[in-house]
Amino acid sequence: MGQWILTEVTDGVGLIRLNNPKALNALTPELMRELTDQLAAWDADDQVRVIVITGNEKAFAAGADIRTMATASAVDMLLSAYIDLFDRIDRVRKPIIAAVSGWALGGGFELAMACDMIVASETAVFGQPEINLGIIPGAGGTQRLTRTVGKYLAMEMVLNDRRLTAEEAARFGLVNRVVPKEEYLDAALDLARQIARRAPIAVRLGKEAVKFALESTLQAGLQHERRLFYLLFATEDQKEGMQAFLEKRKPQWKGR
Ligand code: CAA
């Protein structure tokens, strides 16, 4: 891949490091393009089971690239595809974990929220400061945030740039765990490796089912869950998992 992201794969885990350090990992359209191309490539690659996205210690990402947007017209923004690229993250079937240290602001926070899990360093700061620029969040910040923290806190964050420390984010259910700053990436990779060793089709359908909960009524969600549950009884891994339990041994997953 190009210059905007750095990648490596170990133990079934694909790691993407955002690489725009001079601008605190501001999300240029080129960076978002490379990031989402890589996600799509790994989604189709059997060697990768789980994906981790991280920045650096100082910044996960400080938002969309203000330099690119400063003189843009509405039509420029519409045609730039920058925000549409966030929809590609939503289409990834493998689990994505954000490993966040330092700033996760604006589009950076929206990127973290588009992931499936968030592991935060104690130094992480989450916020939607777009109001300071005379705009509002445009890549999910008013929607994903509100679904997680509720109307009142979301209003304060979107209308008045209220920022959350890692501990506050944990209290409001926005992050999976907060760890010391030296450990955030290892903790995210460790979580990723654990999930990467699990039955791949069950992981895929589990992600699909949980995401569906955000899109549907309870009854439609329960029906959807049931169909996915039945479908797993068509897999070799279900037979293997239950047989291994009865034989008191570790299962050997095939992803079939
Ligand atoms: N876009 C472009 N460049 C950015 C940037 C961004 N979002 N955030 C930081 N930078 C650049 C700064 O311009 C600066 O560059 P120079 O060294 O060339 O001057 C460099 O990164 C370091 O930043 P600071 O000197 O400002 O660092 P700091 O430690 O004093 O402050 C900060 C850190 C509080 C994060 C501050 O940089 C800041 O407020 N950044 C902007 C945050 C923001 O408003 N994000 C929302 C963007 S809009 C958006 O995201 C909308 C959307 O997705 C749809």
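1. A residue is taken to be near the ligand if one of its heavy atoms lies within 4 Å of it. In this predicted model, 22 residues surround the ligand, and the closest are Ala62, Ala64, Asp65, Ile66 and Gly107.

2. By class, the shell around the ligand consists of 13 nonpolar, four polar and five charged residues. Helix H2 (66-69), strand E6 (103-105) and helix H5 (107-114) each supply at least two residues of this shell, with H2 giving the most, namely three residues.

3. Backbone atoms also approach the polar atoms of the ligand: a backbone N or O atom of Ala64 lies 2.8 Å from a ligand oxygen atom, a backbone N or O atom of Ile66 lies 2.9 Å from a ligand nitrogen atom, and a polar backbone atom of Lys22 is 3.4 Å from a ligand oxygen atom. The protein covers 65% of the 980 Å² of accessible area that the ligand has on its own.

4. The largest pocket holds about 980 Å³ of space, and of the 35 residues that line it, Met113, Cys115, Asp116, Lys211 and Leu214 are the closest to its centre. Helix H10 (200-213) provides the largest share of this lining, nine residues. Because domain 1 (5-196) and domain 2 (200-246) both give residues to the lining, the largest pocket lies between them.

5. The second largest pocket, with about 390 Å³ of space, is lined by 17 residues, of which Arg49, Lys94, Pro200, Ile201 and Arg204 lie nearest its centre. Its lining divides into eight nonpolar, one polar and eight charged residues, and H10 gives the most to it, with five residues.

Notes:
Residues numbered from 1 in each chain as written. Predicted model: local features only at pLDDT ≥ 70, side-chain atom pairs only at ≥ 80, totals over all residues. Heavy atoms only, no water. Polar contact = N/O pair within 3.5 Å; in protein donor to acceptor, adjacent residues only side chain to side chain. Areas by Shrake-Rupley, 256 points an atom, 1.4 Å probe, with all protein chains shown as cover. Helix = DSSP H or I, 4+ residues; strand = E, 2+ residues; numbered from the N terminus. Nonpolar A, V, L, I, M, F, W, Y, C, P; charged D, E, K, R; others polar. 1 Å grid on protein atoms, 1.4 Å probe; cavity = no way out; pocket = protein on both sides within 12 Å on 5 of 7 lines; lining within 4 Å. Points joined across faces, edges and corners; volume = space filled by probe spheres on them. Domains from an automatic or database assignment.
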